[in-house]
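Biologist: I should be grateful for a close look at one part of this model, set in the context of the chains around it. Please take the local backbone and its surroundings step by step.

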Amino acid sequence: MNKIRIEELNRKAHDLRIRFLDIFTALGYGHLTTAYSETEILVALYYEVMQYDAKDWKEDNHDFLFMSKGHGAGMIYPILEDVGLITNEELHDMLRLGGNAFISRKFFLPGFEFYGGSLGMGLGMAAGLAYALKMNRDNKMVFCVLGDAECYEGSIWEAVLFAAHNQLNNLIVIVDRNYMGCSDFTENMCRLEPFDDKWKAFGWETKKVDGHSIGALVDAMGQIRARITSSPLCIVAETVKGKGLDSVSNIPLMHGYMPSGKDIDEAYENVKLL
Amino acid sequence: MQNIEGIAEMKVRDVFFLDVYDKAKSGEDIIIASSDIGAPSLDEFRIMFGNRFVNVGIAEQNLLAVSAGLAFAGKKVIAYGLNPFPVTRAFDQIRNFMASMQLPITLTALNAGTCSAEAGYTHMPVENVSIMRTLQNIKVINPSDETISHMLVNEILSHPSPRYIQFDKYIEGKQYEKCDIDFSRGFVVNRNDDKQNVVIITYGIWVRECLKAGLDCDIIDCFSLPVNEEILIGELRKYENIVTVEDGILVGGLGSMILEIINKYGMNNKIISYGLCMKDGYPKTYTNREVIWNQSGIKIDALNRLIGHFSRSSDNE
């Protein structure tokens, strides 16, 4: 990817972090740190890697994205709005008390294939869909964004086994490896390292990249439609929880944080362009 | 439909899976996902449709998740596991994929109630009906005869929605005609014209036990929960006394459901509920379903005495 495009997408990531603040400080609820951790991952997916037609979308004419780490689904809203999959009015209608969640509940927009949040469930469903697409000789790709601390769930590893055994090379996992759960760092709670080796041992191809480098993320997914291996691919994206807002980044127990009161202005002033 | 060599009587499960095989042969896009469980009636399907029999291994959570992805892609998915595990181990997946997202997964499971009691409490899905009743949008089906089993496959294909079907491995043979069974009602009344002041409401194996014993009262078979309450209430107005019997724990089960309905409609029938209570603790020794029924007081002679008692009190009035 050329430098100009990377700079453009870095500015996009910054704008999306700001837009996230608009939406979720107004709502008074959200998970800022997990959304900021995955911002570049989602920018790479929606603006470079995934295939979909925002002007002419149908239920099945796009690649699929499972936000298994459902707490991070907040960042999907400003992106869908920005790429034109939902309008500003629809967004506000979806995110208000008693509002119309019709669009997200129909599960037909890329990123809303699934109602995430109960952790450990998205990968198995993504694998089932990838299996069905292969049966149908359909060459769409299935992406699944996992949280690293979500990988404590045993159901993740059930799905990891299944995907490798069934040679689901149309399935791409991106793990938001921010080394943090809700209460503590992963390596303090219950060690996950060597993390990518675990995926390798289960039969997956793995890549480790800087999860805040849009160029590195896009490069890692550059040839996904022409891979010659039968293995599914796991990209371990090394990130920082809360990246872009220093006051809350990389601090345990900030998982459910949304600025309120005077912290809102401070957040707007301090969101950084990476 | 063919019979299977070596199986003298067709069990409700095998009736169902042979019909599924016939439908797959005729072109239906059916996938069976299994958590390491087969059946003689599934062997042909596995040979004929290799990649449409998806075996996830002993991984019930993934059974539900993979089934969700297949259903999302438009496949007609029958997930198949060994009870109680698909429900007890994967309840959160059922809750999200089937109840909330309403993906049209047909979750089938071998074993109902105490039919595998010899294997110990671990293998007794005695809470499953109660657990599944807590969820909206999922039909809970207990086939009590071959006719219901035969009708299931068309019901699934013509009305795609989330379903949970549990097969009792000792139920075989035919009790009903097709015209008796209406899935939108969810129950069928086995009429006994002599007595009308007491009715037994049950499902699954105890429908067969009551009919076999020739109990002197009507027997209502709630083969698909939730039942149509209004139609059921119309039936229940005919009886003064109701006895519920279930091969499952009482808490939240069929007996609870009847109490809820009777209360909701402001009726005052006398209700006596029989079910498993495990009040002396969970089974600690080798056991079987008859022993467990005896310990919980679920016995034909007890039901006979009760029917006699209600009949006498009715005669005295």
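Is Gln102(B) buried, partly exposed or exposed, and what is its relative accessible area?

Modeller: The model is a predicted one, and the reply below should be read accordingly. Gln102(B) has a relative accessible area of 44%. Because buried means under 20% and exposed means over 50%, Gln102(B) counts as partly exposed. The residue sits in the loop of chain B that runs between helix α5 (91-100) and strand β4 (106-110). Its backbone deserves attention as well: phi of Gln102(B) is near 55 degrees, a positive value in a residue other than glycine.

A residue of chain A invites comparison. Phi of Tyr179(A) is near 60 degrees, again a positive value in a residue that is not glycine. Tyr179(A) is placed in a loop too, between β3 (171-177) and α9 (186-189) of chain A. With a relative accessible area of 23%, Tyr179(A) is partly exposed. The lower limit of that class is 20%, and the value of 44% for Gln102(B) falls in the class as well.

Chain B also has cis peptide bonds. One of them joins Asn83(B) and Pro84(B), with omega at about 10 degrees. Pro84(B) lies in the loop between β3 (76-82) and α4 (85-88) of chain B. Another cis peptide bond joins Leu225(B) and Pro226(B), where omega is about -5 degrees. Pro226(B) belongs to the loop that connects β10 (224-225) with α9 (229-236) in chain B.

The loop of Gln102(B) is part of a chain with 12 helices and 12 strands. For the 317 residues of chain B, a compact globule would have a radius of gyration near 20 Å, and the chain has 19 Å, which agrees. The C-alpha trace of chain B spans about 65 × 45 × 40 Å along its principal axes. Of the 317 residues, 58% are buried; Gln102(B), being partly exposed, is not among them. Among contacts in chain B with a separation of 6 or more, 75% are between residues 24 or more positions apart. The accessible surface of chain B is about 12700 Å², and carbon and sulfur atoms account for 47% of it. Chain B carries 31 positive and 40 negative side chains, with the centres of the two sets 3 Å apart.

Chain A offers a counterpart, with 12 helices and 5 strands. Its radius of gyration is 18 Å, in agreement with the value near 19 Å for a compact globule of 274 residues. The principal axes of its C-alpha trace give spans of about 50 × 45 × 40 Å. Buried residues form 57% of chain A, and residues 24 or more positions apart supply 78% of its contacts with a separation of 6 or more. Chain A exposes about 11300 Å², with 50% of that area from carbon and sulfur atoms. The 27 positive and 38 negative charges of chain A have mean positions 4 Å apart.

Aromatic rings complete the picture. Over all chains, the whole structure holds 23 aromatic pairs. One of these is formed by Phe66(A) and Phe114(A), with 6.1 Å from centre to centre and 50 degrees between the planes, a tilted arrangement. Phe66(A) lies in strand β1 (residues 64-67) and Phe114(A) in the loop between α6 (102-105) and α7 (122-135) of chain A, so the pair ties together parts 48 residues apart in sequence. Phe66(A) is buried at 0% relative accessibility, and Phe114(A) is buried at 5%.

In chain B, the ring centres of Phe16(B) and Phe167(B) are 5.5 Å apart and their planes meet at 40 degrees, so this pair is tilted. It links distant parts of the chain, as Phe16(B) lies in helix α1 (residues 12-25) and Phe167(B) in strand β6 (residues 163-167), 151 residues apart. Both Phe16(B) and Phe167(B) are buried, whereas Gln102(B) of the same chain is partly exposed. In chain A, ring pairs also join Phe20(A), Phe24(A), Tyr36(A), Tyr77(A) and Phe112(A) into a cluster.

Methods:
Residues are numbered from 1 along each chain as its sequence is written. Chains are lettered from A and ligands numbered from 1 in the order in which they are written. This is a predicted model: local features need pLDDT of at least 70, side-chain atom pairs count only at pLDDT 80 or more; totals for chains, interfaces and linings use all residues. Side-chain values use heavy atoms; hydrogens and water are left out. Helices (H or I, at least four residues) and strands (E, at least two) are DSSP runs, numbered from the N terminus. The radius of gyration is taken over C-alpha atoms; the globule rule is 2.2 Å times the number of residues to the power 0.38. Buried means under 20% relative accessible area, exposed over 50%, partly exposed in between (1.4 Å probe, protein chains only). Contact means heavy atoms within 4.5 Å. Accessible areas come from the Shrake-Rupley method with a 1.4 Å probe; for residues, only the protein chains shown count as cover. Lys and Arg count as positive and Asp and Glu as negative; His and the chain ends are not counted. The place of a charge is taken as NZ of Lys, CZ of Arg, CG of Asp or CD of Glu. Rings of Phe, Tyr and Trp (its six-membered ring) pair if their centres lie within 6.5 Å; planes under 30 degrees apart count as stacked, over 60 as edge-to-face and the rest as tilted.
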